[in-house]
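These are my notebook entries on a structure I went through by region. I kept each entry short.

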Amino acid sequence: MQLFSFFFLIAFCREIFADTNIMATWSSRELCCPYYAIYDGKEWSLPTPIAPHTHATANNNVYTCLLPNGDVMATWVDNTSFLPYYSLYHAGDWSVPKPITLSLQAYNDVYISYNPTTEEVIATWSDCFSSCPYYSACQDGQWSLPAQISDLPVQNHVYTSYNPVTQETIASWVVCSETPEALSCYFSSYANHTWATDLITSCYKGEQDVFTVYHPVSEETFSIWSSRCDGSIYPYYSRY
């Protein structure tokens, strides 16, 4: 019997916590509700709404990051207000979901990653109206006012990863197709509480997103995207 049809694969957003457990988070297509399940190394728990007593809704993906104390923070875009929301998983329960900000709506998703240098959770998203990339930083449970990362508008999402060698959070995105820089791949590095934006490449245009991930063996940040050439789409990467 099918209980849910998932918006994306449940493994799309996951965090390893409590030594061996894995948490998966997603949004239910029918209910527009954020869900989670936990894998204990043998089996998955039943899918459960995040903070069900609050009737939270999610417009798209639900992203997570693991905090140093073992808590898990989840973020998503509210399906009604389109505000960026978050909830904290602690001691087996989720906190009441709250908006990161009331002043700025988010398009599609809110991505988060932890920066151990500044001891902040960095949330990034694309503004609904300007399409520019924005961020907010959470420290000691308090979110900063949203600030613009760059004036280069986003085609789809803003993804981040942390580079422990350079001690920077790296944000990446494909620039909106309706601009002079159309579909070029850009990144911005966050250090000393400021962002510095530069071009990854303009030779191979991005289709939708640029994903970033840190490779601990080579000690580099990899940017990965797809590019259309001669009617076909190919994967590309660049190292930072």
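The entries below cover a pocket, the cysteines, a strand with its contacts, and several loops. I note at the outset that the model is predicted.

**Entry 1. The second largest pocket**

I looked up the volume of the second largest pocket and found about 290 Å³ of space. Its lining is made up of 14 residues, and the closest to the pocket centre are Leu67, Cys138, Gln139, Asp140 and Gly141. I then asked which strands each supply at least two residues of this lining. They are strand S7 (84-90), strand S11 (120-127) and strand S12 (133-139). By residue class, I recorded 8 nonpolar, 3 polar and 3 charged residues in the lining.

**Entry 2. Leu67**

I followed Leu67 from the pocket, where it is among the residues closest to the centre. I placed Leu67 in the loop between strand S5 (63-66) and strand S6 (72-77). Is Leu67 buried or exposed? With a relative accessible area of 15%, Leu67 is buried, because the cut-off for that class is under 20%. Leaving out residues up to four places away in sequence, I found Leu67 touching Leu88, Tyr114 and Val121. I also checked Leu67 against Asn115: the two are 48 residues apart along the chain, and their C-alpha atoms are separated by 9.6 Å.

**Entry 3. Pro68**

I found Pro68 in the loop between S5 and S6. Pro68 is exposed, at a relative accessible area of 64%. I compared its position with that of Trp44: the pair is 24 residues apart in sequence and 24 Å apart in space, C-alpha to C-alpha.

**Entry 4. Tyr114 and Asn115 in strand S10**

I turned next to Tyr114, which lies in strand S10. Tyr114 counts as partly exposed, at 21% relative accessibility. Which residues does Tyr114 touch, not counting those up to four places away in sequence? I listed Cys65, Leu66, Leu67, Pro68, Glu119, Glu120, Val121 and Tyr162. Between Tyr114 and Thr160 I noted 46 residues in sequence and 9.3 Å in space, C-alpha to C-alpha.

Asn115 is found in strand S10 (residues 106-115). I recorded 0% relative accessibility for Asn115, which counts as buried. The Asn115 side chain reaches the backbone nitrogen of Thr118 at 3.1 Å. Beyond its neighbours within four places in sequence, Asn115 is in contact with Glu120, Ile122, Tyr162, Glu168, Thr169 and Tyr190.

**Entry 5. Cysteines**

How many disulfides does a search of the whole structure find? I obtained 0. To see why, I examined two of the cysteines. The closest cysteine sulfur to that of Cys32 is in Cys33, at 9.0 Å, which is too far for a bond because a disulfide needs the two sulfur atoms within 2.5 Å. Cys32 is partly exposed, with a relative accessible area of 25%. For Cys132, the closest cysteine sulfur is in Cys176, at 9.6 Å, again too far for a bond. Cys132 counts as buried, at 8% relative accessibility.

**Entry 6. Positive phi in residues other than glycine**

I looked up two residues with positive phi. Leu183 has a phi of about 65 degrees although it is not a glycine. Leu183 lies in the loop between strand S16 (168-174) and strand S17 (185-191). Its relative accessibility is 22%, and Leu183 counts as partly exposed.

Glu219 has a positive phi near 55 degrees and is likewise a residue other than glycine. I found Glu219 in the loop between strand S19 (210-215) and strand S20 (220-229). Glu219 is partly exposed, with a relative accessible area of 47%.

**Entry 7. Gly206**

Where is Gly206 found? I placed Gly206 in the loop between strand S18 (194-201) and S19. Gly206 is buried, with a relative accessible area of 1%. Not counting residues up to four places away in sequence, Gly206 touches Val174, Leu183, Cys185, Trp225 and Ser226. Leu183, one of these, is the residue I had noted for its positive phi. Finally, I set Gly206 against Thr48: they are 158 residues apart in sequence and 36 Å apart in space, C-alpha to C-alpha.

Technical notes. Residues numbered from 1 in each chain as written. Predicted model: local features only at pLDDT ≥ 70, side-chain atom pairs only at ≥ 80, totals over all residues. Heavy atoms only, no water. 1 Å grid on protein atoms, 1.4 Å probe; cavity = no way out; pocket = protein on both sides within 12 Å on 5 of 7 lines; lining within 4 Å. Points joined across faces, edges and corners; volume = space filled by probe spheres on them. Helix = DSSP H or I, 4+ residues; strand = E, 2+ residues; numbered from the N terminus. Nonpolar A, V, L, I, M, F, W, Y, C, P; charged D, E, K, R; others polar. Buried < 20%, exposed > 50% of the residue type's maximum accessible area, 1.4 Å probe, protein only. Polar contact = N/O pair within 3.5 Å; in protein donor to acceptor, adjacent residues only side chain to side chain. Contact = heavy atoms within 4.5 Å.
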